[in-house]
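The following exercises concern local features of one structure. Each task is followed by a solution that proceeds step by step.

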Amino acid sequence: MDLTRLEALIDKYEHDEGAVIALLQDVQAEENYLPREALEHIAERLQVPLIQLYGLATFYKAFTLKPKGKHQVVCCMGTACHVRGGQRVVEAFERELGIRAGDTTEDLEFSLETVNCVGACAVSPIAIVDGHYYGHMSPSKIKRLLQQHRSDKGAPTNGKP
Ligand code: FES
């Protein structure tokens, strides 16, 4: 993370002792994750034990210590989705992106996650890409769906740039 930008964020909260979480949220919003160097710098500047920052980073699900992709793919693995082929959908995303669920492609384009029931069982199985819900998902629809969301709109390349 750019050090000047990080300093600006720290200055924003420096006189507010209870604002460490807000600071981490800002870093996460700009970087899509919490880089180790950023946490070390914040700990030093605010005189906060590094382990305390890691405690916050691992306690709150909104934070992640691993880089995330620009695009978030979420597959529902709740009961209704599972019964209607959700597992095959997840496996097809994994094949197409060249990663396992929980990981991010090398080019940082896509992250793939699974969740349990997002409340849209009637149109299961469901996949959510960048907040858009796609019902009645099937492996045959995945290639095109990823093309629609890929930044350069080029063909998916198994996660390689
Ligand atoms: S189980 Fe997937 S939306 Fe409910």
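Helices, of at least four residues, and strands, of at least two, are DSSP runs numbered from the N terminus. The model is predicted.

**Exercise 1.** Determine where Asn 32 is found and whether Asn 32 is buried, partly exposed or exposed.

*Solution.* Step one: Asn 32 is found in the loop between α2 (20-31) and α3 (36-46). Step two: the phi of Asn 32 is positive, about 75 degrees, although this residue is not a glycine. Step three: buried means under 20% relative accessible area and exposed means over 50%. With 32% relative accessibility, Asn 32 therefore counts as partly exposed.

**Exercise 2.** Carry out the analysis for Asp 130: in which loop is Asp 130 found?

*Solution.* Step one: Asp 130 is found in the loop between β3 and β4 (132-134). Step two: Asp 130 is not a glycine, yet has a positive phi of about 50 degrees. Step three: the relative accessible area of Asp 130 is 30%, so this residue is partly exposed.

**Exercise 3.** Identify the residues that a cis peptide bond joins, and place the proline.

*Solution.* Step one: the cis peptide bond joins Ser 124 and Pro 125, with omega about -5 degrees. Step two: Pro 125 lies in the loop between β2 (110-115) and β3 (127-129).

**Exercise 4.** Describe the two faces of helix α4.

*Solution.* Step one: in α4 (residues 50-59), Leu 53, Leu 56 and Ala 57 are buried. Step two: seen down the axis of α4, the buried residues fall within an arc of 100 degrees, so they line one face of the helix. Step three: these buried residues pack against α2 and α3. Step four: the face turned away from the buried side carries the exposed residues Ile 51, Thr 58 and Phe 59.

Definitions and conventions
Residues numbered from 1 in each chain as written. Predicted model: local features only at pLDDT ≥ 70, side-chain atom pairs only at ≥ 80, totals over all residues. Heavy atoms only, no water. Buried < 20%, exposed > 50% of the residue type's maximum accessible area, 1.4 Å probe, protein only. Arc of directions from axis to C-beta. Contact = heavy atoms within 4.5 Å.
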